[in-house]
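Work through the exercises below with the structure in view. Each task is followed by a solution in steps.

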Amino acid sequence: VTNLLDNISAHSSSDAAVSIRAAEDDGMVRLTVEDGGPGVPAEALDWLFERFRRGATRSTGSRRGLGIGLSVVRGLVDAMAGQVSADRSPLGGLAVTVSLRRAVDPDR
């Protein structure tokens, strides 16, 4: 979650809207983090989680990164046998959804 929020901070203006929501469905917990930043071109959604891939830097409210932030998110999610995906957000920017298997309570 920290890496997703850092990505928003790096690529959106300070007044961009942010939405974080979570839901449980069929044994999975889905966390969606959305922003009202500039978003990414549709073709970037295909490689967004690859290491060292960077899109064009926007002139306002954006800083140049190393291109590893979202690849770290994918690596952490993969290590927990989860899934991560990105799409355009209704807020105008990016929506990243992380899906992880719900933890089992050993006392139940």
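**Exercise 1.** Determine how helix α1 and helix α2 are oriented relative to each other in this predicted model.

Solution.
- Locate the helices: α1 covers residues 2-11 and α2 covers residues 69-79.
- Take the geometry of the pair: the packing angle is about 165°, and the axes are 9 Å apart.
- Apply the cut-off: angles over 145 degrees count as roughly antiparallel, and α1 and α2 are therefore roughly antiparallel to each other.
- Add the handedness: the crossing of α1 past α2 is left-handed.

**Exercise 2.** List the residues through which α1 and α2 meet, and sort them by class.

Solution.
- From α1, the residues are N3, L4 and N7.
- From α2, their partners are G69, L70, V72 and V73.
- Sorted by class, this contact has four nonpolar and three polar residues, with no charged residues.
- Follow V73 further: leaving aside neighbours within four places in sequence, V73 is in contact with N3, L4 and V84.

**Exercise 3.** Describe the largest nonpolar core and the elements that supply it.

Solution.
- The core has 13 residues.
- Those with the most contacts inside the core are L4, F49, L70, V73, V84 and V96.
- At least two residues of this core come from each of α1, β2 (28-35), α2 and β4 (94-101).

**Exercise 4.** Place these elements in the whole protein.

Solution.
- Count the elements: there are two helices and four strands.
- Read them along the sequence: the pattern is α-β-β-α-β-β.
- Consider burial: of the 108 residues in the protein, 31% are buried.

Notes. Residues are numbered from 1 along each chain as its sequence is written. This is a predicted model: local features need pLDDT of at least 70, side-chain atom pairs count only at pLDDT 80 or more; totals for chains, interfaces and linings use all residues. Side-chain values use heavy atoms; hydrogens and water are left out. Axes are lines fitted to C-alpha atoms, for helices over the stretch in contact, and angles run from 0 to 180 degrees between N-to-C directions. Angles under 35 degrees count as roughly parallel, over 145 as roughly antiparallel, 65 to 115 as roughly perpendicular and the rest as oblique. A crossing is left-handed if the near helix is turned anticlockwise from the far one by less than a right angle, and right-handed if clockwise. Contact means heavy atoms within 4.5 Å. Ala, Val, Leu, Ile, Met, Phe, Trp, Tyr, Cys and Pro count as nonpolar, Asp, Glu, Lys and Arg as charged, and the others, Gly among them, as polar. A nonpolar core is a set of buried Ala, Val, Leu, Ile, Met, Phe, Trp, Tyr and Cys residues joined through side-chain atoms within 4.5 Å. Buried means under 20% relative accessible area, exposed over 50%, partly exposed in between (1.4 Å probe, protein chains only).
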